[in-house]
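Let's take a look around this one together. The plan is to start at the ligand and then work outwards through the sheets.

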Amino acid sequence: GDAFDEAQFRSTNARVMDYQEKADTIIKRLARSLEKEDLEDVKNLILELEIVCPVSGSKNWTDVKQFNLMFGTKLGASADSAMDLYLRPETAQGIFVNFLNVQKSGRMKIPFGIAQIGKAFRNEIVARQFIFRMREFEQMEMQFFIRPGSQKEWYETWKQNRMKWHLSLGMGEENYRFHDHEKLAHYADAAADIEFRFPFGFKELEGIHSRTDFDLGSHEKYSGKKLQYFDPELEESYVPYVIETSIGLDRMFLAVLAHSLVDEELDNGSTRTVLKIPAVLAPTKAAVLPLVKKDGLPEIAHQIIDDLRLDFNVTYDDKDAVGRRYRRQDAAGTPFCITVDHQTLEDQTVTLRHRDTMEQKRLPIEELHAAIDKEVGMRHWLKKIL
Ligand code: GAP
């Protein structure tokens, strides 16, 4: 019940403490072996722990192998003169090689970040779960350049900033968690994932990595060109350290859609399909619906659209009964429906229906813009994460 104290239970129950100690020892050994690329020991660990295949029940494991995760291709006119080329497995490197261009032309002072969106390619062994894991996907990455030695602080800051960004979309605090990495990539001195509760369980949505000066340092080393920053406050030059935030666009899209699409049972026993997509992300912000296709109502609806469309993507729908039109917009994720009826002709008011609550309220046409903007506007949303 509510009185249960998990921390106390974990730190006092002898059996639980014993299990935890065993688990920690195994995880440490696995991390150490992976770090040293000692794949034989990884196999030994599997055998010692008598791990069985969850599907077949077999223990007949092959040796542990390193898979090739990069896509190779050839560049050149003829086969013998062609040069090996690899498709980028992350967008990050484009940012690193342009670091000085951006810093000098933008007269940027450290700390500052460069963000980019683009394709990445990986020779994934198992590409499945719809668009969760693909061989060609889209990444949105940011490299944040900082003073050496300040990486721990900035790493924590970016972990919190990014979690705040996710939570600002309103998809439920309970659906996110951090997963701190034991085994670090060759370029990182700290790394964590932000995991999201997908329909198939908690999985990585975004990675936050403290990449040290590994990338800029390596580009310097192999190109022979300096990638250093002169810090006017310290009066010295250095290769900046980097904190990276990296999120898959496709995964984010899947998280939003999977979370938002619900079949809802209503009080009157009927059901509706509704895409409860965060209003700021909804492709169409409002639908304007004349109750009937006559008596001047369509004309007023078009006037409303002409005004709103300067700021919002709005649509017009006069087909079928208004209840069916509401359902259509619910399923498309449109946060607002504006209904023009005969009362509008008399007092210039309309009804504004909210997608999630289905609440309808009457308001003057001139107040529509502010009412919609308050919920769908970027400005209002961004204020939440400032
Ligand atoms: N630059 C660091 C980096 O690439 P990562 O954790 O390998 O780090 C970052 O990838 C993000 O890219 C992941 O959190 C995930 O959202 C996305 N991602 C990675 N592999 C993917 C794949 N095969 N298909 C779709 N998205 C992928």
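What follows covers the ligand site and then the two sheets with the helices that lie across them.

Keep in mind that this is a predicted model.

**The ligand site**

Twenty is the number to start with: there are 20 residues around the ligand, and Glu90, Arg122, Met134, Glu141 and Glu204 come nearest. By type, the shell splits into 10 charged, five polar and five nonpolar residues. Here are some polar side-chain contacts to the ligand:

| Residue | Ligand atom | Distance |
|---|---|---|
| Arg122 | oxygen | 2.8 Å |
| Glu124 | nitrogen | 2.8 Å |
| Glu204 | oxygen | 2.5 Å |

How much of the ligand does the protein cover? On its own the ligand has 550 Å² of accessible area, and the protein covers 93% of that. As for where the shell comes from, the elements giving two or more residues are strand 4 (136–146), strand 7 (201–212) and strand 10 (241–248). Strand 7 gives the most, with six residues.

**The six-stranded sheet**

Those three strands also turn up in an open sheet of six, ordered 3-4-10-7-6-5, with antiparallel pairing. Strand 3 (112–121) and strand 5 (176–180) sit at the edges with a single partner strand each, so one side of each has no neighbour in the sheet. From one strand to the next, the twist averages 25 degrees.

Zoom in on strand 6 (residues 190–198) and you'll find nine bridges joining it to strand 7, the two running antiparallel. In that pairing, Ala192 stands opposite Ile208 of strand 7. Helix 8 (residues 249–260) lies across strands 3, 4, 6, 7 and 10, and runs at about 45 degrees to strand 10.

**The five-stranded sheet**

There's also an open sheet of five strands, this time with mixed pairing and the order 14-13-15-16-17. Why do strand 14 (314–316) and strand 17 (360–364) each have one side without a neighbour in the sheet? Both stand at the edges, and each has a single partner strand. Neighbouring strands here are turned by 25 degrees against each other on average, direction ignored.

Strand 13 (residues 286–290) pairs in the parallel sense with strand 15 (residues 336–340) over five bridges, and Ala287 stands opposite Cys337 in strand 15.

Two helices lie across strands of this sheet. Helix 9 (residues 297–308) lies across strands 13, 14, 15 and 16 (349–354), at about 165 degrees to strand 14. Helix 12 (residues 368–376) lies across strands 13, 15, 16 and 17, at about 165 degrees to strand 15.

Terms used. Residues numbered from 1 in each chain as written. Predicted model: local features only at pLDDT ≥ 70, side-chain atom pairs only at ≥ 80, totals over all residues. Heavy atoms only, no water. Near = heavy atom within 4 Å. Polar contact = N/O pair within 3.5 Å; in protein donor to acceptor, adjacent residues only side chain to side chain. Areas by Shrake-Rupley, 256 points an atom, 1.4 Å probe, with all protein chains shown as cover. Helix = DSSP H or I, 4+ residues; strand = E, 2+ residues; numbered from the N terminus. Nonpolar A, V, L, I, M, F, W, Y, C, P; charged D, E, K, R; others polar. Pairing = 2+ DSSP bridges. Axes fitted to C-alpha atoms, helices over the stretch in contact; angles between N-to-C directions. Contact = heavy atoms within 4.5 Å.
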